[in-house]
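Hi,

Here is the structure I said I would pass on. Have a look, and my notes follow underneath.

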Amino acid sequence: MSRAEPQFDELYREVILDHYRRPRNAGTLEAPTHQAEGANPVCGDEIELHLAVEGDVICEMAFRGQGCSISQSSASMMTERVCGGTIDEARRVMRLFEAQLVDAAEPDPALGDLEALQGVAQFPVRVKCALLCWKVLREALNIDETEHARTSQGD
Ligand code: ZN
């Protein structure tokens with residue numbers, strides 16, 4: 001890797017590395033109802049996301065990809081956080097996470113492990129790494145938000 005990893009508090013770094021080394025919900029689903037993939041060419045990150053949605057509940061999620069620890073751990077934390085909840089809840093967490101990274105807002109307790117990525121807000125180049133999986137989730141669920149233009153990038 002040519003670029004130095006951002007420096008984080010030890011505790012946060014442990015959480016990030018743990019998700020990176022042992023990604024939750026890694027793989028694919030046999031019969032996804034929704035799926036999407038995306039890339040962050042600046043860093044070489046790739047995420048493919050599968051979801052099984054019943055009604056408005058995200059029953060199953062799986063992802064696979066490659067790239068830096070920020071992008072992959074964010075995806076792992078995202079699946080752990082929003083899987084089992086409703087699409088509205090996923091959208092709420094997405095907004096809180098974007099506020100944490102883009103607006104450097106105080107982390108909300110509802111973010112759970114995702115709070116560990118708070119430090120990324122200080123590294124604008126890496127914000128795209130952390131937001132990649134959410135961009136893919138947004139696309140998979142066809143969520144249109146006014147914030148979209150701020151966090152998306154040219155494909
Ligand atoms: Zn990256």
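Is C68 buried or exposed? C68 is buried, at a relative accessible area of 1%. Bear in mind as you read on that this is a predicted model.

C68 is also part of the metal site. The zinc ion is coordinated by C43 (SG), D45 (OD), D45 (OD), C68 (SG) and C129 (SG), at 2.1 to 2.8 Å. Along the chain, the donors are spaced as C-x1-D-x22-C-x60-C. C43 sits in the loop between strand 1 and strand 2, and C68 in the loop between strand 3 and helix 2, so the two tie together parts that are 25 residues apart in sequence. As for C43, that one is partly exposed, with a relative accessible area of 23%.

Now the sheet. It is open and has three strands in the order 1-2-3, with antiparallel pairing. Strand 1 (34-40) and strand 3 (57-66) are at the edges with a single partner strand each, so each has one side without a neighbour in the sheet. On average, neighbouring strands are turned by 15° against each other, direction ignored. Seven bridges join strand 1 to strand 2 (residues 45-54) in the antiparallel sense, and H34 has L51 in strand 2 as its bridge partner.

Two helices to look at here: helix 2 (residues 69-82) packs on the sheet and touches strand 2 and strand 3, with its direction at about 170° to that of strand 3. Helix 4 (residues 124-140) packs on the sheet too, touching strand 1, strand 2 and strand 3; its direction makes about 150° with that of strand 1.

Cheers

Conventions. Residues are numbered from 1 along each chain as its sequence is written. This is a predicted model: local features need pLDDT of at least 70, side-chain atom pairs count only at pLDDT 80 or more; totals for chains, interfaces and linings use all residues. Side-chain values use heavy atoms; hydrogens and water are left out. Two strands pair if DSSP finds at least two bridges between them. Helices (H or I, at least four residues) and strands (E, at least two) are DSSP runs, numbered from the N terminus. Axes are lines fitted to C-alpha atoms, for helices over the stretch in contact, and angles run from 0 to 180 degrees between N-to-C directions. Contact means heavy atoms within 4.5 Å. Donors are N, O and S atoms within 2.8 Å of the metal (3.2 Å for Na, K and Ca); water is not among the atoms, so sites may look incomplete. Buried means under 20% relative accessible area, exposed over 50%, partly exposed in between (1.4 Å probe, protein chains only).
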